[in-house]
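Grab your favourite viewer and work through a few exercises on enclosed space and one helix. Try each task before you read its solution.

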Amino acid sequence: MHRTSLLHVICFGITFNLWSWTRAELFTAISEVEPLLETHKKIIDDLDDYIQKEEKRLSILKKHLNIYRKEHDMAMEDIPNYLGNPINAFTLIKRLTTDLDFIEQSIKVGTEYVKNITVSHADVKYPTLEDLTGAAQALTRLQDTYHLDISELAEGRLNGVIYSTPMTAGDCYELGRTLYNEKDYQNSLSWMMEALRKYNDEKDVYNFTDVDILEYISFSHYLLGDVRKALEWTNKLLEVDPTHPRARGNVPHFQKSIAEQEEKLRKKRRGETGDGENDEDDEKPSKLSPLGKERKVYEALCRGEMDIPSEISKKLKCSYLTENHPFLKLAPIKMEQMYIAPDVFLFHQVMSDEEIEEIKTMAKPRFRRAVVHDPATGELVAAHYRISKSAWLRDDEAAVVARVSRRVHHFTGLSMLSAEELQVVNYGIGGHYEPHFDFARKEENAFQKSNGNRIATVLFYMSEVAQGGATVFTELGLSVFPVKNAAVFWMNLHPSGEGDLATRHAACPVLRGSKWVSNKWIHQGGQELLKPCNLEYQREDVMRKVPKPVPRTSR
């Protein structure tokens, strides 16, 4: 029957079409996430309007429901006598015809309103599933880099400070599910465990149950190679739902795997495997690869756990820069020495707040996902290890951009003739840029169309960052935390023109805040007389002697 099918379906058909107007990669820049608050407000207004109308409509439906129940109870007490009354017979037929038509129409009006509700405004942004995945991966990146406790994160705490409302079981479940779909089973497992704890505490109604959480936990253990744990959690699932088909099917499979593992272990102990040498190798702890070692240093530097050695730090100075240009005699720049050989400097108060806001305003409409040079092709491509959005501004577009370039010339003493346009960058949720060189290696095809390699980098800090977001030099053990209005400067190349491997650096994930920076990359063209070669030829493939950094706790 048409009415019956409609009445069965409408109660479950109320869904918002949130994906009609979407824009991907919002997670790659905090400035792109900010407009979502406008979307959020529009949804609040629409829902409030809908609920008011819905409450009025439901009060009418409840009135009809009470009449139906009352008349039905009266009829069931004495059916012949009730139907024998012509008025009762008439009203029964009326309730199942015209009254039911009215009820059906009322329900249809409600569902049509939901379908046509103006949540999908064309003038606002909506995140996509890609943004959800990006945000989930950002949380785990922060968790891994800064050694954050998941239970603390779930309660809205970052390093012991409460910054947000606690996450719900639904939040934790969706995060765990997203990470599971990305095959990040270890982090998925941790969030599912947190989801289960909150689910049991909250007792709220969700579109999932504890059975769903238990299944994710069980199979995550299995995919991580812990079959015993997988069986243990599958048995817990079956205690809640003894008829669960997948769980019932997994039990014998897990038991068989455990039995095979135990038999293999028994044979190994008896020396019956026939490949004892391989078994011994399996027992040895795996050594970290060079990239793995660099990763540990990178994360320690991001947490501020390492210091440059005293043989370097005791020589560092702060001074006023008055050389390079006559203008600096009138307006010297505060210069802080951060490292020696390679030289890294931090110039203070070299970009005003007004200049920052003007540059940000120019950059925002042009933001695109930040890209890197593909070493094989030399083409610019998006990469998972660089999460930010950027825009490029030319000197001839605005006086403020030309003024910044002129200032870079003043405090670096380098020519801007071969410099790249000013790149403005806003880092996204957990935004970062993993260890890299700014110069092109010999085997790479980058900058072939440019006037030489990138000889120097100037990085302006355009915002304060509450936590995280440091620029770290993994070979030097140097962490430079953002200082608004300042710029960090270093030479990427040796005087010979070959790349300096000691300048390898990274942008740490932003733990809290919005990190804005701008880069001015300066190329070799025009620097021949300003930065001439010396008598010693430095090769790119030879790392200069750099003293080892020291753990901060050792002092």
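Below are three exercises, each followed by a worked solution.

A word on the ground rules: this is a predicted model, where local features need pLDDT of at least 70, side-chain atom pairs count only at pLDDT 80 or more, and totals for chains, interfaces and linings use all residues. Numbering starts from 1 along each chain as its sequence is written, and side-chain values use heavy atoms, with hydrogens and water left out.

**Exercise 1. Find which residues lie nearest the centre of the largest cavity, and which strands help line it.**

Step 1: set the terms. On a 1 Å grid over the protein atoms alone, a cavity is a set of points where a 1.4 Å probe fits but cannot get out, and lining residues have an atom within 4 Å of a point. Points are joined across faces, edges and corners, and the volume is the space filled by probe spheres set on them.

Step 2: the structure has two cavities of 30 Å³ or more, and the largest holds about 140 Å³.

Step 3: 16 residues line the largest cavity, with Tyr 427, Tyr 433, Leu 459, His 505 and Asn 519 nearest its centre.

Step 4: strands E12 (433-436), E13 (454-461), E18 (505-507) and E20 (516-523) each give at least two lining residues. Strands here are DSSP runs (E, at least two residues) and helices are runs of H or I (at least four), numbered from the N terminus.

**Exercise 2. Work out which helix gives the most to the lining of the second largest cavity.**

Step 1: this cavity has about 50 Å³ of space.

Step 2: its lining is Glu 215, Ser 218, Phe 219, Thr 234, Leu 237, Ala 247 and Asn 250.

Step 3: helices H11 (210-223), H12 (227-240) and H13 (245-269) each supply at least two of the lining residues. H11 comes out on top, with three.

**Exercise 3. Check the span of helix H10 against what is expected, then see what covers its buried residues.**

Step 1: H10 (residues 185-202) has 18 residues; the expected span is 1.5 Å times one less than that number.

Step 2: that expectation is 26 Å, and H10 reaches 25 Å from first C-alpha to last, so close to it.

Step 3: buried residues (under 20% relative accessible area, 1.4 Å probe, protein chains only) in H10 include Trp 191, Met 192, Ala 195 and Tyr 199.

Step 4: an α-helix has 3.6 residues a turn, so residues three or four places apart point the same way.

Step 5: among the elements covering the buried residues of H10 are H7 (129-145), H9 (169-181), H11 and H12.

Technical notes:
1 Å grid on protein atoms, 1.4 Å probe; cavity = no way out; pocket = protein on both sides within 12 Å on 5 of 7 lines; lining within 4 Å. Buried < 20%, exposed > 50% of the residue type's maximum accessible area, 1.4 Å probe, protein only. Contact = heavy atoms within 4.5 Å.
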